[in-house]
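Work through the exercises below with the sequence and the structure in view. Each task is followed by a solution in steps.

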Amino acid sequence: MSKTKQAVRIDEHIIEIVSDSGEGAQKAGQTFGTISAKMGNGVWTVEIIPAEIKPPARSPAGASGIRIRLGSHYITNMGNAADIVVALNEQVLYSRIATHAYKRGTVVLLENKWLTDPNPEIIKQYQSAVAEFRENGLVVLEVPMEVECLKLTPRPRLGKNMFVLGMLNHIYSRDMEKAYREVAFTFQRKGQKVIDLNHKLLQAGYDFAKENIDYHYDIPLWREPDSKDPLIVTNGNQAMGLGVMASGMDLVSMYPITPATSASHYLADVYHQVGGFVHQAEDEIAAVGFAIGSSYAGKTACTITSGPGLALKTEFIALAVMAEIPLVIGVVQRGGPSTGLPTKVEQGDLLASLYGEPGDAPKIVIAASTIEECFHFVIMARKLAETFRTPVILLTDANLGTGVQPYPRPDAKAEWLAAPIDQSPWEKDVPPFDWNEETGLSSRPIVGQPGGEFVLTGLAHTKQSKVAYDRDSNQRGCNMRSRKLAALYGTLKAPEIHGESEGDILVVGWGSTLGAIEEAVDQLQNEGHKVSSIHLRFLSPLEPGLKEIFSKFKNILTIEINYSDEADAPLITSGNRRYTQLAMILRAQTLVDVDCWSNVHGQPIQPGLIYDELIRRLKN
Amino acid sequence: MFGLKADWSVDIKERYFALGDYAGGEARWCPGCGDHAVLTVVQRICRDNQLPPEMTVAVSGIGCSSRLPHYMGTYGFHGLHGRALPVACGIKSRRPELDVWVATGDGDCYSIGAGHWLHAVRYNMNMTVLVFDNNIYGLTKKQTSPTTPLGFKSNTHPQGAILAPLNPLTATLGISNVSFLAQTVDWNPAHLYATIKAAHAHKGFSLVNIIQRCPVFSEQLSKDLQDNPSKLLLLTHENGIPIEEKLLRFFPNTQEHDPSNMSEAYDIATNLSPAPIGLLYHDPEVPCYEELSSMGNNMGVEDKLAGINAALDQFAV
């Protein structure tokens with residue numbers, strides 16, 4: 001092996017570490033990502049979560065780990081097939097291969113201790129898997145990780161992840177000083193002895209790779225190392241939790257639901273720093289009811305859930321619409337329907353958010369498309385909820401919720417915080433719903449304001465909040481609540497077009513697909529294709545100017561992670577084809593023949609798949 | 001009314017609230033409905049305690065009982081069927097200074113809202129919860145409720161109710177953190193007043209099951225108790241509901257019961273007939289959830305900003 005091999009300069013790489021759960025793959029990958037971010041590379045990491053809670057060892061269903069995408073540019077998504085994979089056993093690779101995570105040429109650094117396993121069955125499995133992988137084009141490099149780790153520790157299972165980190169650090173020319181610091185930080189609570197051992201394992205992995213592994217790369221930095229413009233690295237759920245704090249919200253009322261709960265876990269740890277409180281309610285319904293009670297009493301509140309929880313909350317959300325109670329509902333979408341794919345991504349709750357309630361229940365619906373937006377949109381949502389006296393649904397998804405990315409560190413601002421509640425006397429003769437005829441807006445009496453006493457009701461009511469079953473009162477209430485959305489629409493800007501403002505295909509997306517769509521569109525534009533994209537943040541009301549934008553393109557195509565019938569599937573005609581959720585709304589609102597392309601694989605859509613699909617359409 | 005004291009000094013308050021200050025719209029319950037009596041008592045207690053109307057919130061679900069907020073002059077929240085308690089708890093969570101009343105019914109609380117009932121008892125937030133228990137769904141016209149007696153004919157069970165009724169008293173006593181449980185009847189104004197007053201004075205979740213007349217759909221049930229006071233068991237104790245001596249003659253059955261005695265309370269509650277009237281259980285020491293949920297309520301802007309920045313710094317690279 002060439003020990004002095006020069007590092008090959010590359011623009012970006014995708015790395016995976018896969019193992020049984022409990023072997024520390026995620027910790028190794030997160031540390032690798034942090035070191036890289038601190039060095040100044042663009043980074044996106046996403047966890048690989050096993051399908052079962054306690055899967056048997058060495059089973060495809062047990063694949064647990066992490067994917068790290070590194071680049072010399074800002075990285076916005078998890079990318080396509082991996083370039084290098086470190087695997088602690090061969091079985092877990094099968095499930096990754098099944099999800100098309102690898103390609104011909106993907107390098108697999110495979111733990112080879114199974115070759116000397118006392119169980120001949122395991123030896124056989126290992127040998128046949130390696131042969132099969134090679135036959136399918138994977139470049140398998142068998143690495144004696146266990147043997148190397150045993151030189152330093154009698155319990156290599158616990159330390160092997162640091163050995164892996166060391167190997168990757170050499171392969172990708174990482175700054176070992178930073179690595180030492182990160183490892184010390186990771187194990188700071190466990191004492192110096194543990195830190196020292198992990199440092200040794202880290203160095204051993206580095207030295208091993210230097211001596212024995214040919215692959216050696218250099219990825220130019222995207223920004224200055226340790227740049228003065230500070231970054232933070234979070235996942236989307238932590239970003240949402242930080243946003244809750246920065247928005248000055250008093251209370252989060254939640255019920256555990258995957259994949260949303262980690263936002264509340266994070267808040268439960270730190271919310272007291274801003275005087276907030278996480279209420280774990282007895283069920284999803286009580287969670288939203290509790291938040292509504294708090295908000296009605298003037299203390300800003302939100303609830304964070306996922307699709308099934310959203311379904312349970314619909315009656316209360318309708319009450320908040322009807323009685324005009326400000327409320328923020330964070331929805332971290334997962335695969336549906338029913339219990340569906342709890343840990344996996346889908347953008348399937350758009351229509352449920354818009355139309356989930358019986359009757360007409362207009363509300364504001366926005367969707368974050370980056371992890372950074374998960375932070376800022378909570379602050380926006382709180383302000384919108386209070387200004388427009390309405391519930392606001394903020395959609396994110398499992399891809400954003402668990403993806404980790406560096407982004408500019410926000411600086412907390414006093415103006416982001418909720419104002420203290422008004423307890424001054426309520427102006428005499430001003431009704432509790434003093435609707436402005438043009439905007440539908442009104443200010444609301446807060447409990448404690450003398451003279452503002454009124455009874456809030458979910459029944460149809462007059463501006464005095466008096467129950468009214470007559471035709472005019474109900475019509476008027478509906479008008480006023482709907483008009484608020486029109487008033488908000490008037491303040492919105494048309495979406496920015498990514499690329500030329502005319503061409504062959506305009507891709508329309510929303511939510512977490514932003515990075516993948518723009519990456520594919522950029523590639524097509526570089527190749528001279530007339531493809532552009534827009535990405536919507538406001539879904540209710542929709543952003544203005546869409547029809548004009550659409551009119552400059554031959555084809556409009558939404559790309560979404562929710563179900564649609566393929567146009568050429570059996571029995572499907574133009575009369576019965578079911579479109580994706582955004583496409584349905586766009587078709588209804590613009591009368592443009594918007595097409596759609598989607599899948600429900602439970603995975604983020606890879607930019608490469610989007611590219612292939614757009615090429616196919618350009619050729620037709 | 002101006003707080004005349006024993007030494008004839010006069011304590012004139014800046015604001016004095018009369019009964020009318022607690023009156024909202026005209027009550028639209030049926031003539032002879034027990035709910036009128038409860039409303040009157042609640043308004044009297046508000047007046048007697050001089051609760052500022054703007055600091056008082058009447059919360060309800062859906063049903064006949066739940067119309068009560070509309071007839072109050074305070075703030076009110078007439079929400080969803082079964083969901084009065086989560087809303088009331090939310091109101092209290094960050095505004096512990098508010099006086100919260102909940103009006104609910106046997107269907108609203110013990111059936112569709114049963115999950116919230118269990119957990120609201122556990123939270124033990126300081127509020128007065130009045131369950132208007134008329135053993136029937138009234139607003140939707142005579143369906144079997146969880147407390148409808150076995151065999152009682154309703155529109156959903158025209159041959160008679162087929163399940164034994166749920167006993168809200170034993171059920172409530174079985175929930176951890178239970179701190180105040182009483183039962184009364186709507187047709188004895190003195191006992192009704194004294195019971196709700198004691199419930200309101202208790203710091204914690206006070207649940208009062210009010211045996212309530214529905215003259216339209218379940219008249220014979222309450223009439224039976226009205227006509228035969230021997231079917232009631234009056235609980236007496238110095239720590240119980242205070243009873244005027246002359247009232248005792250209305251109750252042929254009485255039992256001395258120390259409301260701190262849980263096992264005796266459970267034994268009494270187990271017997272549906274005679275129905276116990278009075279304070280079954282009281283523990284003033286159970287902590288209230290709002291003491292936790294309102295922590296940090298008044299944190300200043302500077303401290304909040306420092307807290308947010310500290311949180312952001314944890315993620316710095």
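A polar contact is a pair of N or O atoms within 3.5 Å; within protein, one of the two must be able to donate a hydrogen and the other to accept it, and residues adjacent in sequence count only if both atoms are side-chain atoms. The structure is a predicted model.

**Exercise 1. Describe the interface of chain A and chain B.**

Task: Find how many residue pairs are in polar contact across the interface of chain A and chain B, and describe the side of chain A that touches chain B.

Step 1. Across this interface, 27 residue pairs are in polar contact, both residues having pLDDT 80 or more.

Step 2. Several elements of chain A give two or more residues to the side that touches chain B, among them helix H1 (25–39), strand E9 (231–235) and helix H8 (236–246). H10(A) gives the most, with eight residues.

Step 3. Sorted by class, the side of chain A that touches chain B has 38 nonpolar, 19 polar and ten charged residues.

Step 4. The size of an interface is often given as the accessible area lost when the parts come together. Between chain A and chain B about 4800 Å² is buried, and carbon and sulfur atoms give 65% of this area. The contact takes 67 residues from chain A and 53 residues from chain B.

Step 5. The rule finds two salt bridges across the interface of chain A and chain B. Asp250(A) forms a salt bridge with Arg94(B), with the closest N and O atoms 2.9 Å apart.

**Exercise 2. Describe the contact of two domains within chain A.**

Task: State how chain A is divided into domains, and describe the interface of domain 1 of chain A and domain 2 of chain A.

Step 1. The division of chain A gives domain 1 (8–218), domain 2 (233–416) and domain 3 (503–619).

Step 2. The centres of domain 1 of chain A and domain 2 of chain A, taken over C-alpha atoms, are separated by 34 Å. Ten residues from domain 1 of chain A and twelve residues from domain 2 of chain A take part in the contact.

Step 3. The two domains bury about 900 Å² between them, with 55% of it on carbon and sulfur atoms. On the side of domain 1 of chain A, Trp44(A), Ile49(A) and Tyr74(A) lose the most area to domain 2 of chain A, together 49% of what that side buries.

Step 4. The rule finds zero salt bridges across this interface, while three residue pairs are in polar contact.

Step 5. Strand E3 (residues 42–48) of chain A gives the most to the side of domain 1 of chain A that touches domain 2 of chain A, with five residues. That side divides into seven nonpolar, two polar and one charged.

**Exercise 3. Follow the salt bridges of Glu16(A)**.

Task: With which residues does Glu16(A) form salt bridges, and is Glu16(A) buried or exposed?

Step 1. Glu16(A) forms a salt bridge with Arg67(A), the closest N and O atoms being 2.9 Å apart. Glu16(A) is in strand E2 (residues 12–19) of chain A and Arg67(A) in strand E4 (residues 64–71) of chain A, 51 residues apart.

Step 2. Glu16(A) also forms a salt bridge with Arg96(A), where the closest N and O atoms are 2.6 Å apart. Arg96(A) lies in helix H2 (residues 91–98) of chain A and Glu16(A) in strand E2 of chain A, so this pair ties together parts that are 80 residues apart in sequence.

Step 3. A residue counts as buried under 20% relative accessible area. Glu16(A) is therefore buried, at 0% relative accessibility. Arg96(A) is buried because its relative accessibility is 13%. Arg67(A) is buried as well.

**Exercise 4. Classify the partners of a salt bridge in chain B.**

Task: Are Arg95(B) and Glu97(B) buried or partly exposed?

Step 1. The side chains of Arg95(B) and Glu97(B) meet in a salt bridge of 2.7 Å, N to O.

Step 2. Arg95(B) counts as buried because its relative accessible area is 1%.

Step 3. Glu97(B), with a relative accessible area of 45%, is partly exposed.

**Exercise 5. Locate a buried residue and list what it touches.**

Task: Where is Glu324(A) placed, and which residues does Glu324(A) touch?

Step 1. Glu324(A) is in the loop between helix H11 (307–322) and strand E13 (327–333) of chain A.

Step 2. Glu324(A) counts as buried because its relative accessibility is 1%.

Step 3. Not counting residues up to four places away in sequence, Glu324(A) touches residues including Arg389(A), Phe433(A), Trp435(A) and Lys484(A).

Definitions and conventions
Residues numbered from 1 in each chain as written. Chains lettered and ligands numbered in written order. Predicted model: local features only at pLDDT ≥ 70, side-chain atom pairs only at ≥ 80, totals over all residues. Heavy atoms only, no water. Domains from an automatic or database assignment. Contact = heavy atoms within 4.5 Å. Buried area = accessible area lost by both parts, 1.4 Å probe. Salt bridge = Lys/Arg side-chain N within 4 Å of Asp/Glu carboxyl O. Helix = DSSP H or I, 4+ residues; strand = E, 2+ residues; numbered from the N terminus. Nonpolar A, V, L, I, M, F, W, Y, C, P; charged D, E, K, R; others polar. Buried < 20%, exposed > 50% of the residue type's maximum accessible area, 1.4 Å probe, protein only.
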